[in-house]
Amino acid sequence: MKSREIREAFLDSSGQGDIRLSEFFIDPEGDPTLLFTNAGMVQFKPLFLGEETRAYTRAASSQKCMRAGGKHSDLENVGHTARHHTFFEMLGNFSFGDYFKRDAILYAWSSSQNNSVSHGKVMGFCI
């Protein structure tokens with residue numbers, strides 16, 4: 001499968017009431033604490049910090065990210081393994097107080113069983 005097919009399959013299968021969001025900038029606009037977008041959840045930082053609210057409680061996104069070091073950095077592994085890259089894309093589903101770990105696990109399991117993307121070595125979940 002091509003990366004755009006994987007991306008579309010993931011976003012199309014997100015469902016569960018998720019709002020499909022546009023990609024955030026690789027250079028996080030208006031955030032002096034980050035040099036690059038290093039995770040799919042960067043665009044939600046103001047929500048997590050209580051600085052803003054949004055009209056939705058569920059979201060799905062595709063986000064290009066830059067591995068740039070930090071607290072949980074594995075930057076030293078870039079180039080030494082097939083799975084560590086400096087530039088990558090994160091696909092994610094997010095809930096803002098609407099559902100929690102139990103439902104997230106059920107949604108992830110359902111998606112992995114019913115999504116054509118999961119039948120290769122592509123699908124992964126972080127809960």
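Start at Arg20: its bridge partner in strand 2 is Ala60. Ala60 in turn has a bridge partner in strand 3, namely Asn93. Keep in mind as you look around that this is a predicted model. Following those partners takes you across the sheet, which is open and has its three strands in the order 1-2-3, with mixed pairing. Strand 1 and strand 3 (87-95) are the edge strands; each has a single partner strand, so one side of each has no neighbour in the sheet.

Now take the two pairings one at a time. Strand 1 and strand 2 (residues 58-66) run parallel and are joined by two bridges. Strand 2 and strand 3 run antiparallel, with nine bridges between them. Strand 2 is also mostly covered, since seven of its nine residues count as buried.

Step back for the overall layout. The protein has three helices and three strands, and from the N terminus on, these elements run α-β-α-β-β-α. There are 127 residues, of which 29% count as buried. The accessible surface is about 8600 Å², and carbon and sulfur atoms account for 55% of that. As for how the chain meets itself, take the contacts between residues at least 6 apart in sequence: 58% of them join residues at least 24 apart.

Next, go inside. The largest nonpolar core has seven residues: Leu21, Phe44, Leu47, Tyr56, Ala59, Phe94 and Phe96. Phe44 is a handy place to stand while you look around. Not counting neighbours within four places in sequence, Phe44 touches Leu21, Tyr56, Ala59, Phe94 and Phe96, and also Arg54.

Arg54 is worth a short detour. Its side chain meets that of Glu52 in a salt bridge, at 2.7 Å from N to O. Neither end is fully covered: Arg54 has a relative accessibility of 27% and so counts as partly exposed, while Glu52, at 31%, counts as partly exposed too.

That pair belongs to a set of six salt bridges in the model. Another of them brings us back to Arg20, where we started: its side chain forms a salt bridge with that of Glu8, 2.8 Å from N to O. This one links distant parts of the chain, with Glu8 in helix 1 (residues 3-14) and Arg20 in strand 1, twelve residues apart. Both partners are partly exposed, Glu8 with a relative accessible area of 33% and Arg20 at 42%. So Arg20 has two ties to follow on screen: a bridge to Ala60 in strand 2 and a salt bridge to Glu8.

A further salt bridge joins Lys45 and Asp31, whose closest N and O atoms are 3.1 Å apart. Lys45 sits in helix 2 and Asp31 in the loop between strand 1 and helix 2, so the pair ties together parts that are 14 residues apart in sequence. Are the two ends buried or exposed? Asp31, at 18% relative accessibility, falls under the 20% cut-off and therefore counts as buried. Lys45, at 26%, counts as partly exposed.

Stay with the loop between strand 1 and helix 2, where you will also find Phe24. At 23% relative accessibility, Phe24 counts as partly exposed. Along the chain Phe24 and Gln43 are 19 residues apart, yet their C-alpha atoms are separated by 6.1 Å. Gln43 is also one of the contacts of Phe24; leaving out neighbours within four places in sequence, the others are Glu29, Thr37, Val42 and Gln63.

Leu35 has its place in that loop as well, between strand 1 (19-20) and helix 2 (45-48). Its setting is another matter: Leu35 has a relative accessible area of 63%, which is over 50%, so this leucine counts as exposed. Leu35 helps to make a nonpolar surface patch of about 370 Å², together with Ile26, Phe36 and Phe87.

Technical notes
Residues numbered from 1 in each chain as written. Predicted model: local features only at pLDDT ≥ 70, side-chain atom pairs only at ≥ 80, totals over all residues. Heavy atoms only, no water. Core = buried A, V, L, I, M, F, W, Y, C linked by side-chain atoms within 4.5 Å. Buried < 20%, exposed > 50% of the residue type's maximum accessible area, 1.4 Å probe, protein only. Contact = heavy atoms within 4.5 Å. Patch = residues over 30% accessible without salt bridge, like charges linked within 9 Å, V, L, I, M, F, W, Y side chains within 5 Å. Areas by Shrake-Rupley, 256 points an atom, 1.4 Å probe, with all protein chains shown as cover. Salt bridge = Lys/Arg side-chain N within 4 Å of Asp/Glu carboxyl O. Helix = DSSP H or I, 4+ residues; strand = E, 2+ residues; numbered from the N terminus. Pairing = 2+ DSSP bridges.
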